[in-house]
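Okay, thanks for making room for me today. I'd like to walk you through a structure that's probably new to most of you, so let's put it up.

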Amino acid sequence: MNKAKLVELAEEVLTDIDVDMESVLRKKLEEKLLHKLSDRFRSAFYYLDFSSELRKDHKKDYESVKPILDDSIDKLLGETK
């Protein structure tokens with residue numbers, strides 16, 4: 001097998017691996033993102049649910065998701081700003 005054929009074969013194999021790796025990476029990123037988002041929204045819920053003493057630990061997360069909540073609620077109620 002000459003060098004050019006070997007390089008061509010390697011590129012074909014790596015292309016298949018790259019496509020497979022991209023889908024694996026995408027799946028893992030999706031899982032991580034969903035996990036992190038659920039943590040953030042759970043913490044925001046705790047901000048509303050906990051007594052004032054415990055709320056301070058969750059204020060930053062609540063403030064970060066509040067615009068998303070407001071937009072969603074406005075859409076549900078048919079209101080726009």
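Let's start with a pair of charged residues: Lys27 and Glu31 bring their side chains together in a salt bridge, 2.6 Å from N to O. Why can those two reach each other? They sit four residues apart in helix 1, which runs over residues 3-49, so about one helical turn separates them. Glu31 is partly exposed, with a relative accessible area of 34%. And the pair has company, since Lys28 joins Lys27 and Glu31 in a network of salt bridges.

I should say right away that this is a predicted model. How confident is the predictor? The average pLDDT for the protein is 85, and 96% of the residues score at least 70. Going element by element, helix 3 has the highest mean, at 93, while helix 2 has the lowest, at 80.

Back to salt bridges. The structure holds six, and I'll show you a couple more. Further along helix 1, Arg42 and Asp39 are three residues apart, again about one turn. Their side chains meet in a salt bridge at 3.0 Å, N to O. Arg42 has 39% relative accessibility, so it counts as partly exposed, and Asp39, at 31%, counts as partly exposed too.

Helix 3 has one as well. There, Lys59 bridges to Glu63, with the closest N and O atoms 3.8 Å apart. Both lie in helix 3, four residues apart, so about one turn of the helix once more. Lys59 is partly exposed at 39% relative accessibility, and Glu63 is partly exposed with a relative accessible area of 46%.

Now the helices themselves. How far apart are the end C-alpha atoms of helix 1? They're 67 Å apart, and since 47 residues at 1.5 Å each should span 69 Å, that agrees. Helix 3 does the same check with 19 residues: 27 Å expected, 25 Å between its end C-alpha atoms, and that agrees as well. Helix 3 does bend, though, by about 40° at Val65, and a proline, Pro67, follows within four residues. Just after helix 3, Gly78 takes a positive phi of about 75°.

So what's tucked away? In helix 1, the buried residues are Ser43, Ala44 and Tyr47. Helix 2 and helix 3 are among the things covering them. Over in helix 3, Tyr62, Val65 and Asp74 are buried, and the buried residues of that helix pack against helix 1. Notice that Val65, where helix 3 bends, is on that buried list.

One last residue, and I like this one: His58. Where is it? His58 lies in the loop between helix 2 (52-55) and helix 3 (59-77). Buried or exposed? With 14% relative accessibility, His58 falls under the 20% cut-off, so it counts as buried. Which residues does His58 touch, leaving out those up to four places away in sequence? Ser43, Tyr46, Tyr47 and Phe50. With Ser43 there's also a polar contact, 2.7 Å between the two side chains. And Ser43 and Tyr47, if you remember, are both among the buried residues of helix 1.

That's the tour. Happy to rotate the view if anyone wants another look.

Conventions: Residues are numbered from 1 along each chain as its sequence is written. Side-chain values use heavy atoms; hydrogens and water are left out. Helices (H or I, at least four residues) and strands (E, at least two) are DSSP runs, numbered from the N terminus. Buried means under 20% relative accessible area, exposed over 50%, partly exposed in between (1.4 Å probe, protein chains only). A polar contact is a pair of N or O atoms within 3.5 Å; within protein, one must be able to donate a hydrogen and the other to accept it, and residues adjacent in sequence count only if both atoms are side-chain atoms. Contact means heavy atoms within 4.5 Å. A salt bridge is a side-chain nitrogen of Lys or Arg within 4 Å of a carboxyl oxygen of Asp or Glu. The expected span of a helix is 1.5 Å times one less than its number of residues. pLDDT is the predictor's confidence in each residue, from 0 to 100. The bend at a residue is the angle between axes fitted to the seven residues ending there and the seven starting there.
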